[in-house]
Amino acid sequence: MKREQLIDQIRLKKSFLCIGLDTDIDKIPNSLLDTEDPVFEFNKKIIDATKDFCVSYKINTAFYESRGLAGWTSLIKTFEYLPKDCFSIADAKRGDIGNTSEMYAKAFFDPGSSGMSFDSVTVAPYMGADSVKPFLSFEDKWVILLALTSNQGSKDFQFLTSDGGGMLFESVLNTAKEWGSDENMMFVVGATRGEAFLTIRKHVPNHFLLVPGVGAQGGSLDDVCKFGMNQDCGLLVNSSRAIIYASSGEDFAEAARREAKKVQQEMAAWL
Ligand SMILES: O=c1ccn([C@@H]2O[C@H](COP(=O)(O)O)[C@@H](O)[C@H]2O)c(=O)[nH]1
């Protein structure tokens, strides 16, 4: 998907919500467990119930890879079921030496190889340019690079200062933005880091940011919008557990719809 198409969707749906399909087979209602592929059936119902209120779905591949062949099957079927007007994210956090990254890129971008062609994949920056560039050679595909993450452990490395005075996450932004453009690169910035969005925007004023951490992790949507929004919105705010597990009962899809609508209405007020 191109940047302009994503921006059009945000304007049309008055939403910059990304719903995370972090589907844990142990949290699926009993009624689906007898079906051939409970994870896919759950995802299908969640997608049907929420697609009016979001512009993106993020599939965290860990929840699928952990189930072996059955998990990959659910992943491929879910990818195929995603609405074509929604920006698709393979949250796989990949990155390795160049020839290995080429294979990872094929796994998520090349339908001839893997059966999947996501719009984007999350990538870790630690191994540098040659580990990221293979993902950038696919037309209309995006790298979403981890910059300032939402977890406690982000303090271990990401805030360390270099001799030049800047913090590590600032070096990631400044170096990596030269590898691609705001047409094929986004950065992950956690919603739990509201105060840091001002700094982030000094370095990457135009790039889209993928923002996990609202909902279950307690980040503030208002702070993210106040400090992180740009003239094109520039945000995809992800919520996974707070939406897909809004109810643990048989009414899970209706509850997810209600929760997604609530977040979308808060977002509409910011647009
Ligand atoms: O810094 C990061 C990077 C990625 N994530 C991922 O986002 C979702 C968040 O799920 P919630 O249930 O809404 O907390 C999940 O897939 C994480 O792996 C993140 O949280 N923080």
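This briefing covers the ligand shell, strand S2 with its partners, and two residues with positive phi. The model is predicted. The shell around the ligand holds 19 residues, and strand S2 (residues 56–60) is mostly covered. Positive phi values occur at Asp140 and at Cys233, neither of which is a glycine.

**Ligand shell**

- Among the 19 residues around the ligand, those that come nearest are Thr149, Ser150, Pro212, Ser240 and Arg241.
- Two or more residues of this shell are contributed by strand S8 (235–239) and by helix H12 (241–244).
- By residue class, the shell is made up of 12 polar, four nonpolar and three charged residues.

**Strand S2 and its burial**

- In S2, five of the five residues are buried.
- In a regular strand, side chains alternate between the two faces of the sheet.
- One side of S2 carries Ser56, Lys58 and Asn60, all of them buried.
- The other side carries Tyr57 and Ile59, which are buried as well, and both faces of the strand are thus covered.

**Pairing of S2 with S1 and S3**

- Strand S1 (residues 17–20) pairs with S2 in the parallel sense, over three bridges.
- Within this pairing, Lys58 of S2 stands opposite Gly20.
- S2 also pairs in the parallel sense with strand S3 (residues 87–94), here over five bridges.
- Asn60 has Asp91 in S3 as its bridge partner.
- Together with helix H2 (residues 38–50), S1 and S2 make a β-α-β unit, and this unit is right-handed.

**Residues with positive phi**

- Most residues other than glycine have a negative phi.
- Asp140 departs from that pattern, with phi near 60 degrees.
- Asp140 is located in the loop between helix H7 (129–132) and strand S5 (142–148).
- Asp140 counts as partly exposed because it has 14 C-beta neighbours inside 10 Å, whereas a buried residue would need 20 or more and an exposed one would have 12 or fewer.
- Cys233 has a positive phi of about 85 degrees.
- The loop that contains Cys233 lies between helix H11 (221–228) and S8, a strand that also gives two or more residues to the ligand shell.
- Cys233 has 22 other C-beta atoms within 10 Å and is therefore buried, since the cut-off for burial is 20 or more.

Technical notes. Residues numbered from 1 in each chain as written. Predicted model: local features only at pLDDT ≥ 70, side-chain atom pairs only at ≥ 80, totals over all residues. Near = placed C-beta within 6 Å. Helix = DSSP H or I, 4+ residues; strand = E, 2+ residues; numbered from the N terminus. Nonpolar A, V, L, I, M, F, W, Y, C, P; charged D, E, K, R; others polar. Pairing = 2+ DSSP bridges. Right-handed = clockwise from strand over helix to strand, strands pointing away.
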